[in-house]
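Please open the structure in your viewer and keep the selection tool at hand. The tour proceeds from one selection to the next.

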Amino acid sequence: MTLNLSCGKCKVIQPFSGVPPTCEVCGWVCSTTNMRAVTRSKRTDNSNYEPRNTGSGGGLFILLLILGVLVFAWSRLSSEPSDNNQAARAESSEASLRECVEPENPYSEGTGHYAGYEWAERNGSSCSSSSQSFNEGCEEYATQESEYEECEAENKK
Ligand SMILES: [Zn+2]
């Protein structure tokens, strides 16, 4: 693979090849280290080692770039279903906005159930009389009341 880069030594565009890119004419190695003219290396006596360092740095950069793209793609892939979920949840919460039915005595007047229901409506839900039908009517009110309250609370969400 040949690249056309500005050679720091030739001062013109030259064909570069290899990793890191090396001027095919003079052997100058294109690297940020060379461009900054940094010679703070443990092997300053041999500048040929520096391009090797920046070469791995370039590889690392490409690796990070690929990782970045992968993370971006992954986050897009993983965020889309959750967006759908949110949309679905919004829809379902709208659908669940229903008219709440207030507790209403479903029993015929004069029955034990009816009396229990009426009693619960006035006194709260402590259904512990000796009459089973009274207790059932009483519990029916408690059930309707809690369903009504649950429904109201759901609509307020
Ligand atoms: Zn050159």
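**A helix and its surroundings**

Begin by selecting His113, Gly116, Tyr117 and Ala120, which are the buried residues of helix α3. Viewed down the axis of α3, these buried residues fall within an arc of 100°, so they line one face of the helix. An α-helix has 3.6 residues a turn, so residues three or four places apart point the same way. Please note that the model is a predicted one.

Next, select the whole of α3, residues 112-123. At 1.5 Å a residue, its 12 residues should span 16 Å, and the end C-alpha atoms are indeed 16 Å apart. On the face turned away from the buried side, find the exposed residues Arg122 and Asn123. Just after the helix comes Gly124, with a positive phi near 90°.

Now add α4 (132-156), against which the buried residues of α3 pack. Then select Tyr117, Ala120, Cys127, Phe134, Cys138 and Tyr141, the 6 residues of the largest nonpolar core. Both α3 and α4 supply at least two residues of this core, and the largest share, 3 residues, comes from α4.

Centre the view on Tyr117. Beyond its neighbours within four places in sequence, Tyr117 is in contact with Asn105, Tyr107, Gly137, Cys138, Glu140 and Tyr141. Apart from the core lies another, of 5 residues, including Phe16, Cys23, Val29 and Cys30.

Finally, select Val29, in the loop between β3 (22-23) and α1 (32-36). Is Val29 buried or exposed? Val29 is buried, because 24 other C-beta atoms lie within 10 Å. Its C-alpha atom is separated by 9.1 Å from that of Val19, 10 residues apart along the chain.

Terms used
Residues are numbered from 1 along each chain as its sequence is written. This is a predicted model: local features need pLDDT of at least 70, side-chain atom pairs count only at pLDDT 80 or more; totals for chains, interfaces and linings use all residues. Helices (H or I, at least four residues) and strands (E, at least two) are DSSP runs, numbered from the N terminus. The expected span of a helix is 1.5 Å times one less than its number of residues. A residue is buried if 20 or more other C-beta atoms lie within 10 Å of its own, exposed if 12 or fewer, and partly exposed in between; C-beta atoms are placed from the backbone. The arc is that of the directions from the helix axis to the C-beta atoms. Two residues are in contact if their C-beta atoms, placed from the backbone, lie within 7 Å. A nonpolar core is a set of buried Ala, Val, Leu, Ile, Met, Phe, Trp, Tyr and Cys residues joined through C-beta atoms within 7 Å.
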